[in-house]
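Hi everyone, thanks for coming. Let's look at this one together, and please stop me whenever something is unclear.

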Amino acid sequence: MKKVKEVAGNNTSDLTEMNRSAIVRILQQKEVCTRAEISKLMGLTQASITKLVAYLMEMGIVSEVGIVKGNGNRRSIGLRLNAEKNLVIGVKFSRHVFAIGVFDISGKLYTQSETEFGLDENTEKVLTDMKKQIKNLLEEYKNIVAIGLALPGPYLRKEGRIAMVTRMPSWHNINFIEEFKHEFDKPVFIEQDANAGALAEWWFGNHGRPLSSLTYFLVGEGVGSGVVDHDSLLLGNQGIASEVGHISIDFNGPKCECGNRGCLELYCSTMAFLKKAKEEIPELFEKECENRLEACERVFSAARSSNEKAIRLVEEIAEYIGLGCVTLINAYDPEIIVIGDSISKGNELLLPTIKRIVKERTIPEVSERVRIEISSLNIDPTLYGAAAIATDRVLRKPSEYLVNN
Ligand SMILES: [Zn+2]
C-alpha cells in the first residue's frame, strides 16, 4: 500500500537544513549581517549559529566580509551570501513570446533575451528553440544551479499542464514537467506567472522586512494573483489557488472561457481596456502600436494630458482593480498588495481610485493597515519571477543546490 504522508514531521537533519536555509534567506535579504544579528533574528544561540555558519562557509555558500559595526557599536565580523557564485535561469512563457534571463540569487541580471512566436506556431518548434537557448546559456554560464519557468495560469502544477490558455488551444496538452524533467542536468521548477510575480516581489522587491504576507496582483493580458504567506507560496490542491481573474463581479455578466460569468478578467485585462479605448478614443490608435503595452501607455499618456475620455477609462479600470483588491483582502488578508504588469504602468493615475474603493468596501481596520503599491521592479515581473521561482527553491535547500563553484 502506498504510504501517504498526512502530517509532516522533521528529522534532525531536516531541522539543521531548515536552519541553514533560514540563515541564507536572511543574508539574501540583508546583504551583510553578523552572527549576533542572525542569532537574534532566528532566536537561536550564538553557538548554534556559529556552527551552522561554519558549515555554510566550508561549502562556499557564505563568506566573511571584514569588520562591521554591530549593536551598541560593537565591532563584529560581517557575513555575506556568495550570490554571484550561484546563478539561476529564469524562463517566462507567454502567449506570443518567451523570454530567458540569467540572474544570480540576489536578483542581479546578467543577460536576457526575447523570442516571439505566432499563436498558431508549432508547439514542438517553439519548445525546441527554448531548450536550445537554455542549453547555450548552461554552456556559457558555468555557475547555474537551477532553472525557473513561469507559465500563464491557471497552471495545474501536479500535472504540469496549463488548464486554459486563451486563444492558444494547442498548448493545452503540453506537459511541461515531462518536457523539461530530463532535458538538462539542472533542476527545473515551474509555477504560474502570478505566483512567479509574487515570488519576485517577495525576494527582489523593496518592501521592508519583516513581511508577513504579500499578494501580487497581476493585471495584464491575463488577470491573476499570487500569494506568499509567511514565507510560503499559497498553492491550493492543484496549484490554482488565488485565480482572482476568474472571480465573478457580475453573475449575469458576459460568459468567460472558464465557464463562469462576469469574471474580473473580462473587465480589467489589457484586452478589455484596449477594446474600450479603441471604441471610444480611436484617434489614439491611428498609428499602429507595436504591442499592447505601448497601446496602454498611449491611453495613460492621454489621461495625463487631460483627455477627458482617457481619464474616464482609466478611472473605470482603476475601479475594477479596486474591486479585485477588495476580494484579495477578504480572501488572503495581505500585509501588502503589489499591483504589477502592463496596466500598472498607469501608476499614480490608478492608485487614488483603487484606494478609495478599498476604503469604501472593507472594514476600517483592514483598509487602514493594508499597503497597496504599484510594482517598482524594473525587470519584467514574470521573467524576474521565473528567476525567483528557482531562487526560492534553492534557498530552501542550500546543501542540495548551492555549491562552492
Ligand atoms: Zn473566468
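Let's start with one pair: the side chains of R35 and E64 form a salt bridge, with 2.8 Å from N to O. R35 sits in helix α2, residues 35-42, while E64 belongs to strand β2, residues 62-69, so the contact links distant parts of the chain, 29 residues apart. Keep in mind that this is a predicted model. If salt bridges are new to you, side chains of opposite charge can pair when their charged atoms come close.

Is R35 buried or exposed? R35 has a relative accessible area of 17%, and the cut-off for buried is under 20%, so R35 counts as buried. Its partner E64, at 38%, is partly exposed.

How many salt bridges does the structure hold? There are 24. Another one joins K92 and D380, at 2.6 Å from N to O. K92 is in strand β4 and D380 is in the loop between β15 and α13, so this pair ties together parts 288 residues apart in sequence. K92 is buried at 14% relative accessibility, and D380 is partly exposed at 25%. We also find a network of salt bridges linking K131, K135, E179 and E183.

Now for the metal. Which residues coordinate the zinc ion? They are H246 through ND1, and C256, C258 and C263 through SG, at 2.1 to 2.3 Å. The angles among these four donor atoms run from 106 to 119°, and the site is tetrahedral. Along the chain, the donors follow the spacing H-x9-C-x1-C-x4-C. Of these donors, H246 counts as buried at 14% relative accessibility, whereas C258 is partly exposed at 36%.

Methods. Residues are numbered from 1 along each chain as its sequence is written. This is a predicted model: local features need pLDDT of at least 70, side-chain atom pairs count only at pLDDT 80 or more; totals for chains, interfaces and linings use all residues. Side-chain values use heavy atoms; hydrogens and water are left out. Donors are N, O and S atoms within 2.8 Å of the metal (3.2 Å for Na, K and Ca); water is not among the atoms, so sites may look incomplete. Four donors count as tetrahedral if all angles lie between 85 and 135 degrees; four count as square planar and six as octahedral if opposite donors are over 155 degrees apart and all others between 65 and 115; anything else is irregular. Buried means under 20% relative accessible area, exposed over 50%, partly exposed in between (1.4 Å probe, protein chains only). A salt bridge is a side-chain nitrogen of Lys or Arg within 4 Å of a carboxyl oxygen of Asp or Glu. Helices (H or I, at least four residues) and strands (E, at least two) are DSSP runs, numbered from the N terminus.
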